[in-house]
Amino acid sequence: MSYPESAPARRPAVVLLATAVLLVMAVAALAYTVVDLAVLGRTVDVFRSAARDTSATPQQIDDVVTLLRASAAASAVVAALSALLLAGLALGLLAGRGGVRVATWVVCGLGLLAGCCSVAVLIGERAAPLRLGGGERATAELLGLIGDAYPSWWIPLNAGLSVGQGLGYLVVATLLALPAANAWFGRHRPPAPTVPSAPPGFPPAPHQPPPAQTAPPYPPR
């Protein structure tokens with residue numbers, strides 16, 4: 001005999017909002033990847049043009065250009081992987097998986113820490129520029145040109161994205177910790193194993209005394 005399945009519980013608004021924030025952050029990460037690779041060519045051209053007026057050799061300029069391209073490529077790869085990770089977490093939250101919620105909390109903590117470190121690095125570079133010794137004057141000149149080679153809106157954009165991502169991670173972690181989210185994810189937990197009960201049977205028969213032993217028949221005469 002089969003019983004009709006109950007209708008699935010409706011997702012609370014806090015879970016839907018947390019999922020929406022994760023998807024927005026994933027789209028922003030993909031957009032950052034595209035923009036990062038799009039401005040790289042112009043940035044390298046501006047840097048090479050400005051580096052000709054320094055005391056650096058062509059080999060030193062090429063080394064800094066290689067470092068610049070490697071840094072941009074690494075940032076693009078990290079942003080693309082972050083977008084995929086955030087999208088996967090959003091889908092897992094929509095499915096009501098408790099393990100995905102725990103993983104989302106971990107990612108939010110790491111992302112918030114990374115965002116704070118990025119903002120601190122940007123502020124530190126502006127407040128205390130890198131200073132090298134007299135023998136590395138050319139390297140110091142080249143490193144000082146990197147920031148000016150990027151478009152004027154590039155550094156504010158990076159700072160804004162770092163702050164926005166940090167706030168997004170904080171909002172998602174808070175939403176998933178609300179009582180409505182706890183109740184909804186609790187409904188998707190697997191039930192505790194129970195000992196199967198014995199199938200119903202007939203009631204035991206009342207106790208009856210054993211039958212009396214009959215005397216063996218007499219031997220024939």
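Let me start with W154, which counts as buried because its relative accessibility is 6%, under the 20% that sets the limit for that word. Please keep in mind throughout that we are looking at a predicted model. The partner of W154 is W153, and the two form an aromatic pair that is edge-to-face, with 6.0 Å from centre to centre and 70° between the planes. W153, at 42% relative accessibility, counts as partly exposed, so this pair joins a partly exposed ring to a buried one.

For those new to this, a pair of aromatic rings is described by the distance of the centres and the angle of the planes. How many such pairs does a search of the whole structure find? The search finds four aromatic pairs. Another of them is formed by W184 and F185, again edge-to-face, at 5.2 Å centre to centre and with 75° between the planes. Here W184 is buried at 5% relative accessibility, and F185 is buried as well, with a relative accessible area of 2%. Going back to the tryptophans where I began, W153 and W154 belong to a cluster that ring pairs link together with Y32 and Y150.

F185 brings me to the interior, since F185 is, together with L22, L86 and V172, among the residues that touch the most other members of the largest nonpolar core, which has 23 residues. Which helices each supply at least two residues of this core? They are α1 (13-51), α2 (58-94), α3 (98-127), α5 (154-175) and α6 (179-187), and the helix that gives the most is α1, with eight residues. If we take L86 and set aside its neighbours within four places in sequence, we find that L86 is in contact with L22, M25, A26, V107 and Y169. There is also a second, separate core of 20 residues, and V39, A72, A79 and I146 are included in it.

Let me stay with helix α1 for a moment, because T43, which lies in that helix, counts as buried at 0% relative accessibility. Not counting residues up to four places away in sequence, T43 touches L68, A149, Y150 and P151, and Y150 is a residue you have already met in the ring cluster.

Helix α1 also holds one end of a charged pair, namely R48. Side chains of opposite charge can pair when their charged atoms come close. The count for this model comes to one salt bridge, formed by D62 with R48, whose closest N and O atoms are 3.0 Å apart. Because D62 lies in helix α2 and R48 in helix α1, the pair ties together parts that are 14 residues apart in sequence. Is this pair buried or partly exposed? D62 counts as partly exposed at 29% relative accessibility, and R48 counts as partly exposed at 30%.

Turning to the surface, V102, W105, V106 and L110 form a nonpolar patch with about 360 Å² of accessible area together. Of these residues let me pick out L110, which lies in helix α3 and is exposed, with a relative accessible area of 55%.

Finally, please look at G186, which lies in helix α6 and counts as partly exposed at 30% relative accessibility. The C-alpha atoms of G186 and G98 are separated by 7.8 Å, although these two residues are 88 residues apart along the chain.

Key:
Residues numbered from 1 in each chain as written. Predicted model: local features only at pLDDT ≥ 70, side-chain atom pairs only at ≥ 80, totals over all residues. Heavy atoms only, no water. Phe/Tyr/Trp six-rings, centres within 6.5 Å; stacked < 30°, edge-to-face > 60°. Buried < 20%, exposed > 50% of the residue type's maximum accessible area, 1.4 Å probe, protein only. Core = buried A, V, L, I, M, F, W, Y, C linked by side-chain atoms within 4.5 Å. Helix = DSSP H or I, 4+ residues; strand = E, 2+ residues; numbered from the N terminus. Contact = heavy atoms within 4.5 Å. Patch = residues over 30% accessible without salt bridge, like charges linked within 9 Å, V, L, I, M, F, W, Y side chains within 5 Å. Areas by Shrake-Rupley, 256 points an atom, 1.4 Å probe, with all protein chains shown as cover. Salt bridge = Lys/Arg side-chain N within 4 Å of Asp/Glu carboxyl O.
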